[in-house]
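Reader: I should like to examine the ligand site and the empty spaces of this protein. Please show me the sequence and the structure.

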Amino acid sequence: MNNLFDEFEKKFGTLKWTHSFYAPGRVNLIGEHTDYNGGHVFPCALSVGTYAVARKREDTKLRFYSMNFPDLGIIEVDIEDLIYEESHDWANYPKGVITTFRNAGYEIPSGLDIAFYGNIPNGAGLSSSASIELVTGTILEELFNLSIDRLDVIKLAQKAENEFVGVNCGIMDQFAIGMGKKDHALLLNCDTLDYKQTPIDLTDHTLVIANTNKRRGLADSKYNERRSECEEALEQLKLSIPIHSLGDLSTEQFVSHQHVITNPVVQKRAKHAVFENQRTLAAVEFLSQGDIDSFGKLMNDSHISLRDDYEVTGKELDALVEAAWDEGAIGSRMTGAGFGGCTISIVNKDDVDSFIHNVGERYKDKTGIEADFYVVAIGDGAKRLEGERI
Ligand code: GLA
């Protein structure tokens with residue numbers, strides 16, 4: 001934080017009237033590609049995230065600076081003239097959030113200076129973008145004294161990503177980052193948005209995130225493609241059974257109606273969405289009974305379904321997960337959108353060092369890539385950090 005304050009002062013003159021904010025990254029424990037299908041997800045907020053120092057301006061200029069992208073320098077735009085610009089890179093997220101807030105009728109009459117610093121590994125699928133969105137939403141809420149529910153901040157952040165940035169994501173990431181609670185995961189029903197904070201007590205186990213360090217190349221277009229495949233399946237199923245999302249179906253119902261889905265690939269996609277939703281509910285039930293082994297087995301099943309039916313894993317994620325299985329993880333799966341990014345594993349605390357070493361070796365042997373590992377803690381959701389600096 002001190003570095004960020006120093007940087008703010010260097011870029012924007014003085015620290016007068018600044019405030020500081022934070023929003024975490026997230027990891028999803030189970031329930032993948034279910035959010036936009038009206039199913040359940042089970043993510044938690046991480047203890048790494050995006051920090052921001054911000055101050056209101058007297059004019060309508062917006063000036064953004066990120067310590068993570070010093071080469072891009074200060075990005076300056078006018079609040080009345082916000083459009084997506086490729087060259088603005090990361091700054092399109094705060095621009096998008098400001099746009100959706102204003103379009104929703106929230107009064108943001110003046111500009112802002114904001115300096116950002118993030119310690120979420122970039123592009124790893126741990127939601128660094130949703131983290132920037134939520135930290136921006138929190139800044140707007142606090143500095144402009146908006147009376148806005150946290151849920152509306154979350155929805156506007158998702159809208160920014162859908163409409164301003166053009167990625168058709170579901171609500172999981174923004175929700176986990178907005179509502180996260182230390183040492184808890186959230187069981188979220190993405191249809192009703194009802195949620196339950198569930199304590200995560202893994203006894204003598206811990207969560208280990210492993211980054212494939214594979215660039216997520218075509219991730220956005222493939223993601224949107226999966227969404228439309230699920231929509232196609234839903235339209236066909238609706239002709240045979242009255243549902244409004246794939247999340248409405250039990251596995252038995254799916255099995256007896258699946259024949260109406262004409263394209264076998266589309267049928268596999270829908271199968272994943274339905275089974276993953278039911279798996280998530282079962283997994284959370286096991287966890288609440290303290291049955292970590294059964295929770296871990298369902299994580300493994302989740303990966304297999306994402307690999308074979310949803311086809312969003314790829315060579316690197318599969319190699320990392322298989323290495324984790326071979327090295328004794330209680331459960332291991334890809335997490336997030338897929339096509340690269342990270343895995344999440346449950347590992348015995350005593351074995352963490354050897355696990356990281358051995359999985360890293362196996363992965364490198366198979367792919368030639370060096371993986372990164374993070375032993376993570378579950379942190380709080382987006383918040384203001386402290387009072388005004390005068
Ligand atoms: C990305 C999206 C989420 C969710 C996951 C897959 O993280 O942003 O909305 O769909 O992929 O579970």
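**Ligand site, pocket and cavity**

Author: In this predicted model, the residues surrounding the ligand are Arg-26, Glu-32, His-33, Asp-35, Tyr-36, Cys-169, Gly-170, Met-172, Asp-173, Tyr-223, Gly-336 and Ala-337.

Reader: How many nonpolar, polar and charged residues does the shell around the ligand have?

Author: The shell includes Met-172, Gly-170 and Arg-26. Met counts as nonpolar, Gly as polar and Arg as charged. Sorted in this way, the shell has five nonpolar, three polar and four charged residues.

Reader: From which domains does the shell around the ligand draw at least three residues each?

Author: The shell includes Arg-26 and Asp-173, as well as Tyr-223 and Ala-337. At least three residues come from each of two domains, namely domain 1 (2–199 + 379–384) and domain 2 (205–376).

Reader: What share of the ligand's exposed area does the protein bury?

Author: Backbone N or O atoms approach ligand oxygen atoms at His-33, at 2.7 Å, and at Ala-337, at 3.5 Å. A polar backbone atom of Gly-170 is 2.9 Å from a ligand oxygen. Taken alone, the ligand exposes 310 Å², and the share of this that the protein buries is 93%.

Reader: Why does the second largest pocket lie where it does with respect to the domains?

Author: The second largest pocket has a volume of about 220 Å³. Among its 17 lining residues, the closest to its centre are Asp-35, Tyr-36, Asn-37, Gly-38 and Arg-227. Both domains give residues to the lining, so the pocket lies between domain 1 (2–199 + 379–384) and domain 2 (205–376).

Reader: Which helix gives the largest share of the lining of the second largest pocket?

Author: The lining divides into seven nonpolar, six polar and four charged residues. Its largest share is four residues, and these come from helix H6 (residues 219–238).

Reader: How many charged residues are in the lining of the largest cavity?

Author: The count comes to one cavity of 30 Å³ or more, and the largest has a volume of about 30 Å³. Its lining consists of Val-208, Ala-210, Leu-320, Ala-324, Thr-343, Ser-345, Phe-355, Val-359 and Phe-373. By class, seven of these are nonpolar and two polar, and the number of charged residues is none.

Reader: Which strands and helices each supply at least two residues of that lining?

Author: The lining includes Val-208 and Ala-210, Leu-320 and Ala-324, Thr-343 and Ser-345, and Phe-355 and Val-359. The elements that each supply at least two residues are strand S9 (205–211), helix H10 (315–326), strand S11 (342–348) and helix H11 (352–367).

Key: Residues are numbered from 1 along each chain as its sequence is written. This is a predicted model: local features need pLDDT of at least 70, side-chain atom pairs count only at pLDDT 80 or more; totals for chains, interfaces and linings use all residues. Side-chain values use heavy atoms; hydrogens and water are left out. A residue is near a molecule or strand if one of its heavy atoms lies within 4 Å of it. A polar contact is a pair of N or O atoms within 3.5 Å; within protein, one must be able to donate a hydrogen and the other to accept it, and residues adjacent in sequence count only if both atoms are side-chain atoms. Accessible areas come from the Shrake-Rupley method with a 1.4 Å probe; for residues, only the protein chains shown count as cover. Domain bounds come from an automatic or database domain assignment. On a 1 Å grid over the protein atoms alone, a cavity is a set of points where a 1.4 Å probe fits but cannot get out, and a pocket is an open set with protein on both sides within 12 Å along at least five of seven lines; lining residues have an atom within 4 Å of a point. Grid points are joined across faces, edges and corners, and a volume is the space filled by probe spheres set on the points.
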